[in-house]
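Student: Could you take me on a close look at the salt bridges here, and in particular at how one charged cluster is put together?

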Amino acid sequence: MTLDIFIPYWGDPALLKQTVASVLAQRDPQWRLTVIDDCYPDASVAEWFAQITDERVRYLRNDTNLGITENYREAVRLADEPHMMLLGSDDLLHPEYVGLISQTIRAVPGADVVQPGVDVIDENGDIVTPLADRVKQRLLAPRRGEGVAVLRGEAMATSLIRGDWLYWPSLTFRTAALKRTDFREGLPIIQDLALLMDLAFAGATLAYNPTVAFSYRRHSASASQRTILDGTRFRDERAYYRQAHDLAAARGWTRTARAARLRTISRLHALTELPGVIRSPSPAGLRSTLSHVFSL
């Protein structure tokens, strides 16, 4: 199989170059890379790509800034291989990533989503283990030793709504699944979870191979952290969890609906963020975090 790798790009050019280098270093040559530059204001990016002679790499630049969701949609429109990924422009593939994905798809031919094992790095490239990632990897991810864990439909939805343990930029998707499942509007912070839940509601299959083949970069001053402090993160989460509850209840998926109503891990996350929110100058952030912890 040829993996269609897309990088919807906006960010640090130096980190983008590291990401591209990690693709070029793949041991399995069956890949194609498309970088979609969302009008990042640095002419050196296009100049750097013009020097790459590998025919598997193409660089495109949008005429206007589309924003992250529309840039994702543009990648999905352009994809024409059976499997694709939306790689973060600061994350890293390990050299065996493409080979591991191909191996996993052969083992689970019906997989719509493939999650490899992930390590977490900081802005300097050092491996770190924040509390959120320890919870994801040790408590929420399926435990199947070295084998591939498979979740389908309701089991996939329940696992993800209990606590989203996936790493969006590391995922490989069946292209057809993304072409028929659009991103939800109005949920910019958790649009990845919403789309994955919609795939699960449509009966998708998730394959998890715990062999580490990807480095996810977690920045200390991320956009996600800013949305916690201004209150939008947990406001959007509450809104989506209500939607997920209603969607699950309509299908008779009682375990999924109950997990969406309780949102235990999401509440605990808000509780761990509360000290930092209290120290921040944002009353809206404090109100939103307290509501998330204590309200149903």
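**A charged cluster around one helix**

Tutor: Happily! Let's start inside helix α3, which spans residues 68-78: both E70 and R73 belong to it, and they sit 3 residues apart, about one turn of the helix. Keep in mind that this is a predicted model. The side chains of these two residues form a salt bridge, with an N to O distance of 2.5 Å. Their surroundings are worth a look as well: E70 is partly exposed, at 30% relative accessibility, whereas R73 is buried, because its relative accessible area of 10% falls under the 20% cut-off.

R73 also has a salt bridge with D182, at 2.8 Å from N to O. Here the partner comes from elsewhere in the chain: D182 lies in the loop between α7 (175-179) and α8 (191-201), while R73 is in helix α3, so this pair ties together parts that are 109 residues apart in sequence. D182 itself is partly exposed, with a relative accessible area of 47%.

For a pair from another part of the sequence, turn to R235 and D236, whose side chains meet in a salt bridge of 3.2 Å, N to O. R235 is partly exposed at 46% relative accessibility, and D236 is buried at 7%. Back at the cluster, salt bridges with shared partners join E70, R73, D182 and E185 into one network. Across the model, the count comes to 15 salt bridges.

Definitions and conventions: Residues numbered from 1 in each chain as written. Predicted model: local features only at pLDDT ≥ 70, side-chain atom pairs only at ≥ 80, totals over all residues. Heavy atoms only, no water. Salt bridge = Lys/Arg side-chain N within 4 Å of Asp/Glu carboxyl O. Helix = DSSP H or I, 4+ residues; strand = E, 2+ residues; numbered from the N terminus. Buried < 20%, exposed > 50% of the residue type's maximum accessible area, 1.4 Å probe, protein only.
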